[in-house]
Structure formats: C-alpha cells, structure tokens
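This report covers surface patches, salt bridges and a few residues that merit a look. Please keep the sequence and the structure open while reading.

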Amino acid sequence: AFDENCINTFEGNCGIELTVRLLSRLYPRLKIIDLSGKFEDKVNDYCMLAKKINSLIEIVDISTAEDILIVIGDSKKEIASDGLKIYFGSDNWIAKYSLDLMQKFGDSNNPFGVGLSACIVASNVFRHIFKENLRFNDLDTSFELSAFSLDTNINIKNNPCINDVELKDVVIAGIGAIGNGVIWALSKIETLKGNIHLVDEEEVSLSNLQRYILLEE
C-alpha cells in the first residue's frame, strides 16, 4: 500500500519498485493498493512489472484480505488489516522500518537507504511466512540503520549527501544476486558517470530468476 509520499519522492519510487521486484519472485499472490486514489497508472505499472517477473502471479482485488500488509511511506490514510503490518521509509542513507509506526521518505536522490529498507522488509516477510520452517524466525520490530556506516546511531556523519560520482574504469566480476543489487543501486544514481564493465558467463534461467532482481521472464 502506498500514498503520495511514496510516489512524489525519488526514494519512495525506488522503494516500491524494489519491493515489487523482490516479492514477485517468491510469492504467488500480490495486491497493490493506492491509498490516495490518485495513481491508478502507477498501480497498473507495478502490476505489469510483477507479471513480467512472474507471468503466473495472481494480482488480487483490493477487497481481498491480505496476510501481510506493507505500507510504503507516510500516509494520511490508515488501512485496517487483520494481517501483519510492516511500515518502511528512508531518509537519504538511513533505512527506516517499523511494525508499529508509519515511516516517511526523504527528498534525496539516494537509493541506498531505501534499498536497504526494502530488503529488510522482504527478509521479515520471508521469516513470517516460513516461520514454522526456520530456526531463527523472530521479526525485527523497529529501527533506523545507516547504509553508509551500518550504524543505528544516526547523525550527520553517517548520513552525508551524495554528490557527483565518477567511476574511472570499474569491473564488476559476477553479476548474480549481489551483483544485480549493486547494479540496481548504481543505476539509480542520477549523477553517476564513467564506465562499468559487467562480467558473468552464467545463463539466465528460471532456477536463478528468483535471486536476480533486475531480470524478468
């Protein structure tokens, strides 16, 4: 579920896109809710993205009860749900996550904090769904974490601005699960310049599609 704070910010757009990319690889049913009622075109875009990743995924009607509700960004409209609620947002390098309180997106052009948020959400969704099969299945409750320093003590030193980024001549050796994540993040940095060489001889198949977030069927 998303609202204006998600769609009207760079961080929010990155967050909902990555969330759809992650969840569509692992689960058979998905519902996308526009809490504002203003962004039907965005709902259609994300449904199409989910179908490109998994053509068999079922996009369910918004009246269908959900097992897990992910609220992406700050919303003026609270939504009732009998399922687990997860809230996430970000502020530049800072990933924000909570089971109790809505989280807001900042106005930066930094994909790293929100990328971390989306991955933490996907991790908790997985632990909740497969809790009977996992030894360590406790859910995270609430925290803020800097993707810059991996520190929960948030201050200006671990939340700097991203300025122009220039890569002279970089080689990424292996573009599997981690490499796909690296490329996703780098592709979002609008000020990025330079040359990146991607090296990997592995063929894409349905057996590795669920790990490579940039790939579609």
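Phe 130 counts as partly exposed because its relative accessibility is 31%, in a model that is predicted. Partly exposed covers the range between the buried limit, under 20%, and the exposed limit, over 50%. Phe 130 sits in the loop between helix 4 (112-129) and strand 6 (142-146). On the surface, Phe 130 joins Leu 26, Phe 126 and Ile 129 in a nonpolar patch. Together these four residues offer about 320 Å² of accessible area.

A second patch carries charge. Asp 200, Glu 201, Glu 202 and Glu 203 form a negative patch on the surface. Asp 200 belongs to the loop between strand 8 (192-199) and helix 6 (206-209). With 35% relative accessibility, Asp 200 counts as partly exposed.

**Salt bridges**

Side chains of opposite charge can pair when their charged atoms come close. How many salt bridges does the structure hold? There are seven. Three of them are described here, with their N to O distances.

| Salt bridge | N to O distance |
|---|---|
| Glu 4 and Lys 38 | 2.9 Å |
| Glu 17 and Arg 21 | 2.7 Å |
| Lys 188 and Glu 17 | 2.5 Å |

Take Glu 4 and Lys 38, whose side chains meet in a salt bridge. Glu 4 lies in helix 1 (residues 4-7) and Lys 38 in the loop between strand 1 (29-30) and helix 3, so the pair ties together parts 34 residues apart in sequence. Glu 4 is partly exposed, at 24% relative accessible area. Lys 38 is exposed, at 57% relative accessibility.

Next comes the salt bridge of Glu 17 with Arg 21. Both residues lie in helix 2, and because they are four residues apart, about one helical turn separates them. Are they buried or exposed? Glu 17 is buried, and Arg 21 is buried too.

Glu 17 also forms a salt bridge with Lys 188. This pair links distant parts of the chain, 171 residues apart: Lys 188 is in the loop between helix 5 and strand 8, while Glu 17 is in helix 2. Lys 188 has a relative accessible area of 18%, so it is buried. Glu 17 is buried as well, at 14%. Through shared partners, salt bridges join Glu 17, Arg 21 and Lys 188 into one network.

**Helix 5**

Helix 5 spans residues 177-187. Which of its residues are buried? They are Gly 179, Asn 180, Ile 183, Trp 184, Ala 185 and Leu 186. Their cover includes helix 2 (10-23), helix 4, strand 7 (165-173) and strand 8.

**Loop residues**

Two residues other than glycine have positive phi values. Asn 92 has phi near 65°. Its place is in the loop between strand 4 (84-91) and strand 5 (94-98). Asn 92 is buried, with 8% relative accessible area.

Leu 150 has a phi of about 55°. The loop between strand 6 and strand 7 holds Leu 150. This leucine is exposed, at 65% relative accessible area.

Leu 56 is found in the loop between helix 3 (40-53) and strand 2 (58-59). Leu 56 is exposed, with a relative accessible area of 74%. How far is Leu 56 from Thr 191, by C-alpha atoms, and what is the separation along the chain? The C-alpha atoms are separated by 37 Å, and the residues are 135 apart along the chain.

Methods
Residues are numbered from 1 along each chain as its sequence is written. This is a predicted model: local features need pLDDT of at least 70, side-chain atom pairs count only at pLDDT 80 or more; totals for chains, interfaces and linings use all residues. Side-chain values use heavy atoms; hydrogens and water are left out. Patches are made of residues with over 30% relative accessible area and no salt bridge: like charges are joined within 9 Å, nonpolar side chains (Val, Leu, Ile, Met, Phe, Trp, Tyr) within 5 Å. Accessible areas come from the Shrake-Rupley method with a 1.4 Å probe; for residues, only the protein chains shown count as cover. Lys and Arg count as positive and Asp and Glu as negative; His and the chain ends are not counted. The place of a charge is taken as NZ of Lys, CZ of Arg, CG of Asp or CD of Glu. Buried means under 20% relative accessible area, exposed over 50%, partly exposed in between (1.4 Å probe, protein chains only). Contact means heavy atoms within 4.5 Å.
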